[in-house]
Amino acid sequence: PTTLLTFNLGGYLQRRNAPDKGIDDAFDQAFTTPPHIIPIRYADGKIPKPENIQNPWAYLTQTGFQRNSKSKFESLFIAEQDLKAILNGLKIKGLFSFDYYNENAVKRPGNPVYYKPASGRDFETGELQFTTPEDGQEFLDHKTEAQYGTNSTYLEANLSFDRTFNSKHYVNALFLYNQRDYDNGEKVPHRHQGIAGRAAYTYLGRYIAEFNFGYNGSENFAPGKRYGFFPSYAVGWILSEEPFMESLQNTFNKIKFRASYGTVGNDRLTDRSNNEKRFAYITTINSTDGYQFGNSSNFHGISGLREGWVGVPGLTWETVKKTNIGLELGLWRMIDIQVDLFHERREDIFMQRAQYPNSAGFPDLPWANFGVVTNKGFDVSVDVNKQITKDWFLSARGSVTYARNKIIEQDEDVARIGTYRSSTGMPVGQITGLIAEGLFTEDDFADVANGVLKPGIPTQGFTEKVYPGDIKYRDLDGDGVITTKDMTSIGGTVNPELVYGFGLNTSFKGFDFGFFMQGNGRTYRMIGRENIFLPGSAGGVRGNIFTNATDAWTVDNPRSDVFYPRLHIGYNANNTQSSTWWLKNMSMLRLKNIEVGYSFPKKLIQKASIEHARIFVRGTNLYHFSNFKLWDPELDTDDGLKYPVMETYSMGIQVKF
């Protein structure tokens, strides 16, 4: 009766057949190759492929396939022993888990025979004329991809105490030890170790105090720097439990104030390409073949050793100081409101130093605990649950979170800090670019035909000449030439500062209906910019066009509120620069799911020994609302070349015996 054993197993086996090319790659090729350039294939089966670009259909369907296999196994073992024979409320618990993951792939790549697009027809026979085909083969190759696998072991032991004394004093305490070993095939497995504790006290059910701490170790720091202590404190007051509030219980069934302050630590180091860096305190030696001796090419490219990462023995934990003030309010025993105000200050941020002169001789810039970022905002949620009549129940929920961060300190050029080019004082990930002042008009030119601007109008330095309909940029540094030095912060960030959602569920007799909507705001993205984004690129054989094909500047339609600036055959470097012209608001609201169901009366199903039976129809991601129309704004893409969010429709029956 005092011992509880838990044993869980889970996992899956998965096999997937897919094209040899990635789906996003297929979208990319379909976008960058206009459909009028080539046919899918000719009537005699020949596959056309222009020089340096793809035939999107053949790229997806004629280049083979791949077979992927994945498997995962998860296990959890828990033993819990009640020690009330020693002390009432005392328990000890041990936990062990082992997880395993493996994947492998077999590829059957193909290289079909391609022909350059037909250049004409035979004068006598009328048959298409082709040049010599590119090398290809009629059969598929076989290639076994390298296997990849991970395994992880986790061990935890804790001692807990939970007890109420004299119905006035409630005490809850926990002491925990944990360690984890994660092996993904690197030279050294990832290992973490630490202890944690909690002590909480409640008096008379309304005065609450709590203390937590973590003492964690990491492999990424030198001995003496590996362990960090991270405490937190919290207090609460349940006003509604005060005797003088008893008469108001039907109105205010809950009023709770709470506040907390604490620190947490981070030990993960990622470089500018988001690749994980380990053991940054150790100096490494790398191999190279880049040594050169003398003037003779015979003594160039000599292999040898060179300095790699420069170790930083003093590197230590990145910390976040968190403060939170909250209110929980219950009204009329049907409405629950929760409000939180929070402020975070992240210090000793891991970063690779940027402001080192080349003469310092670092092949890779060293790491440092250098940087401060603050984050503040609020979180509000409202829940409503009401039994309106005997047969009619209504439930609704809404929540909104707003958070804005700010870079207080970073490794930025001192000469840039405080200027329009500085990112210090801006949010993390602040979008930068040129300020577009509209499109050039004929009034801006002294000589329209030769692209000569009037005196006093800054020269657009990204291309030799500009013409009416090209984007006009603001000269921030006042040197009379538009360059990258005129770039500044021009908007928000890709990560939304505002996230919200709301939904409703209601039932009347046997019928039920529910929906949930999710949205975000204050989120922006710089689209386009690549030379294949504008139609007409690469002599007209690159660059597709979206459904807004006619929304472009033309001589007959010289508007400045169009989507596309002046289009022409070839690459226009001026019009592809990052600027406010291509900065788009990606705020959106999505109908995440909607469901209608019917539960059969118990009298009808009891004869079949069924306790509950329900049929339903459900839709997911059916629609979204946004001012941005070219592609789903929730996709993480600057050009729309991603597999879209899928709409799903399902119907089913739930039966409980």
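Q: What makes β19 and β20 a strand pair in this predicted model?
A: Strand β19 (residues 318-331) and strand β20 (residues 335-347) run antiparallel and are joined by 13 bridges. Pairing requires at least two bridges between the strands, so β19 and β20 count as paired. One of the bridges has I325 with L341 in β20 as its partner.

Q: What connects β19 to β20, and which residue in the turn has a positive phi?
A: The two strands form a hairpin with three residues between them. In the turn, W332 has a positive phi of about 55°.

Q: How do you know that β20 also pairs with β23?
A: Twelve bridges join β20 to strand β23 (residues 372-387), and these strands run antiparallel. The requirement is at least two bridges, so β20 and β23 count as a pair. Within this pairing, the bridge partner of D336 is D383 in β23.

Q: Why is F362 called partly exposed?
A: The relative accessible area of F362 is 28%. Buried means under 20% and exposed means over 50%, so F362 falls in between and is partly exposed.

Q: Where does F362 lie, and which residues does F362 touch?
A: F362 lies in the loop between β21 (350-352) and β22 (367-369). Not counting residues up to four places away in sequence, F362 touches V310 and Y356. D271 is 91 residues from F362 in sequence, and their C-alpha atoms are 16 Å apart in space.

Q: What makes the phi of F279 worth a remark?
A: Most residues other than glycine have a negative phi. F279 is not a glycine, yet its phi is positive, at about 55°. F279 is placed in the loop between β16 (276-277) and β17 (285-292).

Q: Is F279 buried, partly exposed or exposed, and why?
A: F279 has a relative accessible area of 22%. The limit for buried is under 20%, so F279 is partly exposed.

Q: Why does N621 count as buried?
A: The relative accessibility of N621 is 12%. Buried means under 20%, so N621 meets the condition. N621 lies in strand β38 (residues 612-625). Phi of N621 is positive, near 55°, and N621 is a residue other than glycine.

Q: How do you know that D44 and K46 form a salt bridge?
A: Their side chains meet at 3.0 Å, N to O. The cut-off is within 4 Å, so the D44 and K46 pair qualifies. D44 is partly exposed, with a relative accessible area of 49%, and K46 is also partly exposed, at 23%.

Q: What makes E80 and K91 a salt bridge, and which elements hold them?
A: The N to O distance between the side chains of E80 and K91 is 3.8 Å. The pair links distant parts of the chain, with E80 in strand β3 (residues 64-82) and K91 in strand β4 (residues 90-109), eleven residues apart. A salt bridge needs a distance within 4 Å, so E80 and K91 satisfy the rule. The relative accessible area is 21% for E80 and 32% for K91, and values from 20% to 50% are called partly exposed, so both residues have that label.

Q: Why is the contact between R474 and E437 called a salt bridge?
A: The side chains of R474 and E437 meet at 2.9 Å, N to O. This pair links distant parts of the chain: R474 is in the loop between β30 (471-473) and β31 (481-482), E437 is in strand β26 (residues 436-439), and the two are 37 residues apart. The distance is within 4 Å, so R474 and E437 form a salt bridge. R474 is partly exposed at 36%, and E437 is partly exposed at 40%.

Q: How many salt bridges does this rule give, and which residues are linked in a network?
A: The count comes to 31 salt bridges. K254, R258, E328 and D340 are linked in a network of salt bridges.

Q: Which residues form the nonpolar patch, and what makes L155 eligible for the patch by accessibility?
A: F7, L9, F73, F77, F96, Y100 and L155 form the patch on the surface, with about 650 Å² of accessible area together. Patch residues need over 30% relative accessible area. L155 has 37% relative accessibility, so L155 passes that cut-off while counting as partly exposed.

Q: Which strands supply the patch?
A: β1 (3-19), β3 and β4 each supply at least two residues of the nonpolar patch. L155 lies in strand β9 (residues 148-165).

Technical notes
Residues are numbered from 1 along each chain as its sequence is written. This is a predicted model: local features need pLDDT of at least 70, side-chain atom pairs count only at pLDDT 80 or more; totals for chains, interfaces and linings use all residues. Side-chain values use heavy atoms; hydrogens and water are left out. Helices (H or I, at least four residues) and strands (E, at least two) are DSSP runs, numbered from the N terminus. Buried means under 20% relative accessible area, exposed over 50%, partly exposed in between (1.4 Å probe, protein chains only). Contact means heavy atoms within 4.5 Å. Patches are made of residues with over 30% relative accessible area and no salt bridge: like charges are joined within 9 Å, nonpolar side chains (Val, Leu, Ile, Met, Phe, Trp, Tyr) within 5 Å. Accessible areas come from the Shrake-Rupley method with a 1.4 Å probe; for residues, only the protein chains shown count as cover.
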